[in-house]
Amino acid sequence: RAVAMSVSHSSRLNKLVREQYMRLPQDGLVQVTYVWIDGSGEGVRCKSRTLNKEPKSIEDVPEWNFDGSSTAQAEGSNSDMFLVPVRMFRDPFCLDPNKLVLCEVLKYNRKPAETNLRHMCKKVMDLVKDSHPWFGMEQEYTLLGINGHPYGWPDNGFPGPQGPYYCGVGADKVYGRDIVESHYKACLYAGVKICGTNAEVMPSQWEFQVGPCEGIEMGDHLWMARFILHRVCEDFGVVATLDPKPMTGNWNGAGCHTNYSTEEMRREGGLKHIEAAIEKLSKRHDYHICVYDPRGGRDNSRRLTGHHETSNIFEFSAGVANRGASIRIPRQVGQDGYGYFEDRRPAANCDPYAVTEAIMRTTVLNETGVETKDYADH
């Protein structure tokens, strides 16, 4: 009973009844769900509309609007915001031919909303496209009951110490695998470039990986994977939190480790280009910490303590196969002499557009200091 009470009421509705309606034909009409990032910079919102025929490309999906005063993105006296479709996916919840559409948010004057970090990221990625930047991001998250307590943890206590849970198997070691596997399948169906998943070090903490993605595609696919995760969790009645340190004490935090390479890093002899990029990153540590979580580094300060497989937030470090460093060069890359490296600093609740843009600004556009250049006119 205690476990049952930790899930939401809506999850206990009869799903077989729902299936009866989901099987009804649509007579050529298509349901399109528009997805966008709200004023928190972390939350996603959605609403749906009917199109007369299946859109074959993003250009076939019309712009729409919403009430920005209800998403912390506008004042009530001037609340209409524009939804500009940017990437389309198959809908794993309503199935073909229905679609999920990721959107940018523009204000009444057609300028990007404050939390629309995609707009500038796209400009930067267009500038560096000849370097063919590839990214893979490892999204850690924690499952919570509707009561805010980690899902599956004892009601009045804690599970045993960390050790048996990472990549674990067994009812006493992993909690919520049904959710994880449903999310994986839903992402594959949608066309999200999900490439793996595993149980993490803290019990009821999990990770999925998205990539490799080139340029702006990274942020698009990770944000849609997050939306699908929250939507799957809704069906199961639990909550997925991206908080970088959901449990204080001797428990691992949650990050979004970012793997990165350019074309020259992936070629033979690329290690020298990897080392050059790491040298540039070492001189701009404070700037990256500021953009690697939505609160200018305050969230990450709870996580990057130098313990629990993290680096210290105040120090930059790099090493081969070192999970306690800011930057990790995989051992295989050190042996091969080419490949990629991993930035372990981004928090679980980072905006992938901000992270990938910052890496490109520093390593390819050779920016220095804490100020950024405005490329809007180029």
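1. A good place to start is strand β10, where N259 is the bridge partner of G136. This is a predicted model, so please read each point below as a description of that prediction. G136 falls within β6, the strand spanning residues 134-144, and β6 is joined to β10 (residues 256-261) by 6 bridges in an antiparallel arrangement.

2. Staying with β6, there are two further partners to look at. Strand β8 runs antiparallel to β6 and is linked to it by 8 bridges; within that pairing, E140 faces E207 of β8. Strand β9 (residues 239-241) is also antiparallel to β6, with 3 bridges between them, and here L144 stands opposite V239. As a reminder, strands of a sheet pair through backbone hydrogen bonds, either parallel or antiparallel.

3. How much of β6 is buried? The strand is mostly covered, with 10 of its 11 residues buried.

4. Now to the open sheet. Its 5 strands follow the order β2-β1-β5-β4-β3, and the pairing is mixed. The edges are formed by β2 (44-51) and β3 (64-67), each of which pairs on one side only. On average, neighbouring strands of this sheet are turned by 40° against each other, direction ignored.

5. Inside that order, β1 (residues 30-37) and β5 (residues 99-106) run parallel and are joined by 4 bridges. If you would like a residue pair to centre your view on, try Y34, which stands opposite V101 in β5.

6. Two cis peptide bonds deserve a look. One joins D96 and P97, with omega about 10°; P97 sits in the loop between β4 (80-90) and β5. Another runs from G211 to P212, where omega is near -5°. P212 belongs to strand β8, residues 205-214, the strand that also pairs with β6 through 8 bridges. For context, most peptide bonds are trans.

7. Next, the backbone phi angles. Most residues other than glycine have a negative phi. R110, which is not a glycine, has a positive phi near 70°. R110 lies in the loop between β5 and α3 (118-127). Is R110 buried or exposed? Neither label fits, because its relative accessible area is 40%, which makes R110 partly exposed.

8. S204 is another non-glycine residue with a positive phi, about 70°. It is found in the loop between β7 (194-199) and β8. S204 counts as buried because its relative accessibility is 3%, and buried here means under 20%. So R110 at 40% is partly exposed, while S204 at 3% is buried, although both have a positive phi near or about 70°.

9. Finally, helix α5 covers residues 217-236, 20 residues in total. From its first C-alpha to its last it reaches 29 Å, close to the 28 Å expected at 1.5 Å a residue. Why is α5 described as largely enclosed by the rest of the structure? Because 16 of its 20 residues are buried. Just after α5, G237 takes a positive phi of about 85°.

Terms used:
Residues numbered from 1 in each chain as written. Predicted model: local features only at pLDDT ≥ 70, side-chain atom pairs only at ≥ 80, totals over all residues. Heavy atoms only, no water. Pairing = 2+ DSSP bridges. Helix = DSSP H or I, 4+ residues; strand = E, 2+ residues; numbered from the N terminus. Axes fitted to C-alpha atoms, helices over the stretch in contact; angles between N-to-C directions. Buried < 20%, exposed > 50% of the residue type's maximum accessible area, 1.4 Å probe, protein only. Expected span 1.5 Å × (residues − 1).
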